[in-house]
Amino acid sequence: MLGTFGTSAYKSEQDFKSPQDYLKYMFADMDGFVTRSTIRRNNDGVTSFLEAFYKKDRLIYKNRYFNCPDTYISMNTYCSKRDDRKPDSGRKVTNVKRLNALYVDLDCYKIGMTQEQVLFALEEEYFGRSIPVPTFVINSGRGLYLIWKLKNEDRNALPRWKSIEEYLFSQCKDFNADPQALDAARILRVPFSVNSKNNVSVSIMRFTDVSY
């Protein structure tokens, strides 16, 4: 993967002051629908999953994310909203329009490692060596997301996308990479939202202004 560095106004993780900064960086040049999803829990512990489809402007500017519990967005975009009459509509791999990111979800807390321990090991031994430097390293509340921003790739690149996604996963197995988080229809938590499992704010730990 060949990266293009230093093309945006954002220079470090400190430049991201709000969820909108992150969403603008990720989606400002994207076509198609993006999902905003939330998980709601009532007082009896019963959960419900709510999902809505938005074009980029409404996604970024007409929704709340800051301090919102369990709020997710899709990493790629879709040709159409969900239509129960059409089985291939909505957040389905078959409905992907543009490929916006590669990602790995590291559930490092399950193997007794902190985010800081994993990030140190990745920076010392992996980034720029066996795997490219990610655009974002995000504290998801208990684990880490590694996100590589793509240059608005067409859906026809999906076989190549899948091959690279599986390679990135294979290189991160020592940090308990999640094998269930490898499909192109994946959703990830939004920075500045809250992981209700431990009430930790999702945060950007590292940012490199690079797209692939």
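A residue counts as buried when its relative accessible area is under 20%. In this predicted model, Ser211, at 13% relative accessibility, therefore counts as buried. This briefing covers the two largest pockets, two helices and three individual residues. The largest pocket encloses about 330 Å³ of space, and the second largest has a volume of about 150 Å³.

**Largest pocket**

- The largest pocket holds about 330 Å³ of space, and of the 17 residues that line this pocket, Asp105, Asp107, Tyr145, Arg189 and Lys197 are the closest to its centre.
- Sorted by class, the lining of the largest pocket comprises 8 charged, 6 nonpolar and 3 polar residues.
- Strand β9, spanning residues 187-189, gives the most to this lining, with 3 residues.

**Second largest pocket**

- The second largest pocket, of about 150 Å³, is lined by Met1, Leu2, Leu99, Leu102, Leu150, Glu153, Ala157, Arg160, Trp161, Ile164 and Tyr212.
- Two or more lining residues come from each of β6 (96-106), β8 (144-154) and α4 (158-171).
- Helix α4 provides the largest share of the lining of the second largest pocket, namely 3 residues.
- By class, the lining of the second largest pocket has 9 nonpolar and 2 charged residues, and no polar residues.

**Helix α1**

- In α1, 7 of the 9 residues are buried, so the helix is largely enclosed by the rest of the structure.
- The buried residues of α1 are Pro19, Asp21, Tyr22, Leu23, Tyr25, Met26 and Phe27.

**Helix α3**

- Helix α3 covers residues 115-125, and Gln115, Val118, Leu119, Ala121 and Leu122 are buried in this helix.
- These buried residues line one face of α3, because they fall within an arc of 165 degrees when seen down the helix axis.
- Phe120 and Glu125 are exposed on the other side of α3.
- The packing partners of the buried residues of α3 are β6, β7 (136-139), β8 and β12 (203-207).

**Ser8**

- Ser8 is located in the loop between β1 (4-5) and α1 (19-27).
- With a relative accessibility of 18%, Ser8 counts as buried.
- When residues up to four places away in sequence are not counted, Ser8 touches Tyr25 and Asp209; Tyr25 is itself one of the buried residues of α1.

**Leu158**

- Leu158 belongs to helix α4.
- The relative accessible area of Leu158 is 21%, which means that this residue is partly exposed.
- Leaving aside neighbours within four places in sequence, Leu158 is in contact with Val93, Leu99 and Ala184; Leu99 is also among the residues that line the second largest pocket.
- Between Leu158 and Glu123 there are 28 Å in space, C-alpha to C-alpha, and the two are 35 residues apart in sequence.

**Ser211**

- Ser211 is found in strand β13, which covers residues 210-211.
- Not counting residues up to four places away in sequence, Ser211 touches Leu2, Gly3, Thr4, Lys149 and Lys151; of these, Leu2 also lines the second largest pocket.

Methods. Residues numbered from 1 in each chain as written. Predicted model: local features only at pLDDT ≥ 70, side-chain atom pairs only at ≥ 80, totals over all residues. Heavy atoms only, no water. 1 Å grid on protein atoms, 1.4 Å probe; cavity = no way out; pocket = protein on both sides within 12 Å on 5 of 7 lines; lining within 4 Å. Points joined across faces, edges and corners; volume = space filled by probe spheres on them. Helix = DSSP H or I, 4+ residues; strand = E, 2+ residues; numbered from the N terminus. Nonpolar A, V, L, I, M, F, W, Y, C, P; charged D, E, K, R; others polar. Buried < 20%, exposed > 50% of the residue type's maximum accessible area, 1.4 Å probe, protein only. Contact = heavy atoms within 4.5 Å. Arc of directions from axis to C-beta.
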